[in-house]
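Visitor: I should like a close look at a single part of this model, with the reasoning set out step by step. Please begin with one charged residue and proceed from there to its surroundings.

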Amino acid sequence: MPTPTKGHRLGGSPAHERHILANLATALFQHGRIITTEAKARRLRPVAERLITFAKRGDLHARRHVLTVVTDQGVVHQLFTEIAPEFSERDGGYTRITKIGPRKGDNAAMAVIELVRGEPVAAKPRRRTRRAEARPAAAAAAATATAIAEPEAAPDEAPEAAAPDEAAELDESTEVDDSAEADEADEADDRAEVDDRAEVDDSAEADEADEVDDRAEVDDSAEVDDSAEADDSAEAGVSGGAGDAHPGEAKIVDEADAERDQDA
């Protein structure tokens, strides 16, 4: 029995489902075609085809295996003696399912499953045989193609002789292109060196300008210091003159007092 598919079973249990499929297979082998629901027909198809494959073997072991599913010995005898020999040249596809529309009672999808009997089958060769047959054909085709190409190539000897000259010209052109690319690379290197030198000169000029600015700042600071010292000395001189003036004022005051005393 094949592995149950996902979803609901046909019966209430796996055993019930096996009995349903066994009865459907027995009816199919006995009558050649039956009408059932589409779901049952799809589930019956692999079971029936597997039983037919066992019947094609024809040995005692295969017969006993089929009897475990189909218990009617008459149907099994019919399967081994009549049905299986008709499918001896067919490797599969022993049944056909045809949809016939919904059922009136419960609107279930109905179908007819039947045995494909009495129809000629064009047996496809195996892959190895097809490859073996294809190889001689391909070899013959290649031989004919070379035989046709050789006479056509004979009068065309001059173009073949000219081919080396064309190859030499191509080599020379590639050498010229390489030399041109080398010259361009050298020019690019020279330009890069000139740019580097210009950058070095600019940096040197910038350093010199910075040094000049530093010197100017030093000179300005020295001048500021000198002017500050001059201002300090001037203030000191002014203060000294004022100190000398105070004794004179004291003398004048004393003289005024003496005159007052005399008058008195």
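Guide: The residue chosen is E38, which counts as buried because its relative accessibility is 15%, and the cut-off for that class is under 20%. The model is a predicted one, and every value quoted here is computed from it.

E38 takes part in a salt bridge with K99, in which the closest N and O atoms are 3.5 Å apart. This pair joins distant parts of the chain, since K99 belongs to strand β2 (residues 95-102) and E38 to helix α2, with their positions 61 residues apart. The partner K99 is exposed, because its relative accessible area is 57% and the exposed class begins over 50%. The salt bridge between K99 and E38 thus has a buried end at E38 and an exposed end at K99.

Helix α2 covers residues 38-57, and a further salt bridge involves this helix. The side chains of E17 and R43 meet at 2.4 Å, N to O. Here too distant parts of the chain are linked: E17 lies in helix α1 (residues 14-31) and R43 in helix α2, 26 residues apart. Both E17 and R43 are buried.

P46 is another residue of helix α2. With a relative accessibility of 40%, P46 is classed as partly exposed, because that class lies between the 20% and 50% limits. The C-alpha atom of P46 is separated by 9.5 Å from that of G93, although their positions lie 47 residues apart in the chain numbering.

R57 forms a salt bridge with D59, and the closest N and O atoms of this pair are 3.6 Å apart. D59 is partly exposed, as its relative accessibility is 31%.

The structure holds nine salt bridges. Beyond the pairs described above, R33, R96 and E114 are linked in a network of salt bridges.

An aromatic contact may be considered next. A pair of aromatic rings is described by the distance of the centres and the angle of the planes. The count of aromatic pairs comes to one. This pair consists of F87 and Y94, whose ring centres are 5.1 Å apart and whose planes meet at 55 degrees, so the arrangement is tilted. The class follows because planes under 30 degrees apart would count as stacked and those over 60 as edge-to-face. F87 is buried, with a relative accessible area of 1%, and Y94 is buried as well, at 2% relative accessibility.

Two charged patches complete the account. R127, R128, R130, R131 and R135 form a positive patch on the surface. Within this group, R128 is found in helix α5 (residues 127-153) and is exposed at 75% relative accessibility. A patch of negative charge gathers E181, D183, E184, D186, E187, D189, D190 and E193 on the surface. E184 has its place in helix α6 (residues 157-263) and counts as exposed, because its relative accessible area is 54%.

To return to the starting point, E38 is a buried residue whose salt bridge with K99 connects helix α2 to strand β2.

Key:
Residues numbered from 1 in each chain as written. Predicted model: local features only at pLDDT ≥ 70, side-chain atom pairs only at ≥ 80, totals over all residues. Heavy atoms only, no water. Helix = DSSP H or I, 4+ residues; strand = E, 2+ residues; numbered from the N terminus. Buried < 20%, exposed > 50% of the residue type's maximum accessible area, 1.4 Å probe, protein only. Patch = residues over 30% accessible without salt bridge, like charges linked within 9 Å, V, L, I, M, F, W, Y side chains within 5 Å. Areas by Shrake-Rupley, 256 points an atom, 1.4 Å probe, with all protein chains shown as cover. Salt bridge = Lys/Arg side-chain N within 4 Å of Asp/Glu carboxyl O. Lys, Arg positive; Asp, Glu negative; His and termini not counted. Charge placed at Lys NZ, Arg CZ, Asp CG, Glu CD. Phe/Tyr/Trp six-rings, centres within 6.5 Å; stacked < 30°, edge-to-face > 60°.
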